[in-house]
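The following exercises are meant to be worked through with the sequence and the coordinates open side by side. Each one sets a task and then gives a solution in steps.

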Amino acid sequence: MAAQWHRCQSCRGILPVTDFEENNDICVACREKADRAQAKAAKTAKKAPAPVTRRKVAVPDQDSSGVTVRRVEARGIPGARGHGDREVRVRRARLRALEHLAESHPEEFEILLSSERSVEGL
């Protein structure tokens, strides 16, 4: 009578020998359950995220004389600031402040710029 029963190594249940395949310690139900779980895991497995890249795209533009000039724009996260070395960020902040100053007070900026150019011999 004991030869007709066997313990499953997966669910630890004592089941009739007919619930097992030949010389297998795991019952058919547990094996099918494991196969379904593997198939589901394979379907839902996430791919590794692609690395973030920044591309430079050449954009045709015209200068003040009407000649087409190609400028290179860095594409990244729009409006993202605070990246890079401290010196570079300080320089960028200073340039942005100078641009805003030149836009808000164009006459004074031209006067200061022309005086500095004359000192430099330009």
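**Exercise 1. Determine what share of the contacts with a separation of 6 or more is made by residues 24 or more positions apart, and set this beside the overall make-up of the protein.**

Solution. Step one: among the contacts in the protein with a separation of 6 or more, residues 24 or more positions apart account for 0%. Step two: the model, which is a predicted one, contains three helices and four strands, and read from the N terminus these elements follow the order β-β-α-β-β-α-α. Step three: of the 122 residues in the protein, 5% are buried. Step four: the exposed area of the protein comes to about 11400 Å², and 55% of that area is supplied by carbon and sulfur atoms.

**Exercise 2. Find where Asn 24 lies, decide whether Asn 24 is buried or exposed, and list what Asn 24 touches beyond four places in sequence.**

Solution. Step one: Asn 24 belongs to the loop that joins strand 2 to helix 1. Step two: the relative accessible area of Asn 24 is 17%, and because buried means under 20%, Asn 24 is classed as buried. Step three: leaving aside residues up to four places away in sequence, Asn 24 touches His 6 and Arg 31. Step four: Cys 8 is 16 residues from Asn 24 along the chain, and the C-alpha atoms of the two are separated by 8.9 Å.

**Exercise 3. For Arg 12 and Asn 23, give the value of phi, the loop in which each residue is found, and the accessibility class.**

Solution. Step one: phi of Arg 12 is near 65°, a positive value in a residue that is not glycine, and for Asn 23, likewise a residue other than glycine, phi is positive and near 50°. Step two: Arg 12 sits in the loop between strand 1 (5–7) and strand 2 (14–16), whereas Asn 23 sits in the loop between strand 2 and helix 1 (28–44). Step three: Arg 12 has 46% relative accessibility and so counts as partly exposed, while Asn 23, at 84%, counts as exposed.

**Exercise 4. Identify which residues make the nonpolar surface patch and which gather in the patch of negative charge, then place one member of each.**

Solution. Step one: Leu 95, Leu 98 and Leu 101 make a nonpolar patch of about 260 Å² on the surface. Step two: Leu 98 lies in helix 2, which covers residues 86–104, and its relative accessibility of 36% makes Leu 98 partly exposed. Step three: the surface patch of negative charge gathers Glu 21, Glu 22, Glu 32 and Asp 35. Step four: Asp 35 is found in helix 1, and with a relative accessibility of 45% Asp 35 counts as partly exposed. Step five: patch members need over 30% relative accessible area, a cut-off that can be checked against the 36% of Leu 98 and the 45% of Asp 35.

Conventions. Residues are numbered from 1 along each chain as its sequence is written. This is a predicted model: local features need pLDDT of at least 70, side-chain atom pairs count only at pLDDT 80 or more; totals for chains, interfaces and linings use all residues. Side-chain values use heavy atoms; hydrogens and water are left out. Patches are made of residues with over 30% relative accessible area and no salt bridge: like charges are joined within 9 Å, nonpolar side chains (Val, Leu, Ile, Met, Phe, Trp, Tyr) within 5 Å. Accessible areas come from the Shrake-Rupley method with a 1.4 Å probe; for residues, only the protein chains shown count as cover. A salt bridge is a side-chain nitrogen of Lys or Arg within 4 Å of a carboxyl oxygen of Asp or Glu. Helices (H or I, at least four residues) and strands (E, at least two) are DSSP runs, numbered from the N terminus. Buried means under 20% relative accessible area, exposed over 50%, partly exposed in between (1.4 Å probe, protein chains only). Contact means heavy atoms within 4.5 Å. Lys and Arg count as positive and Asp and Glu as negative; His and the chain ends are not counted. The place of a charge is taken as NZ of Lys, CZ of Arg, CG of Asp or CD of Glu.
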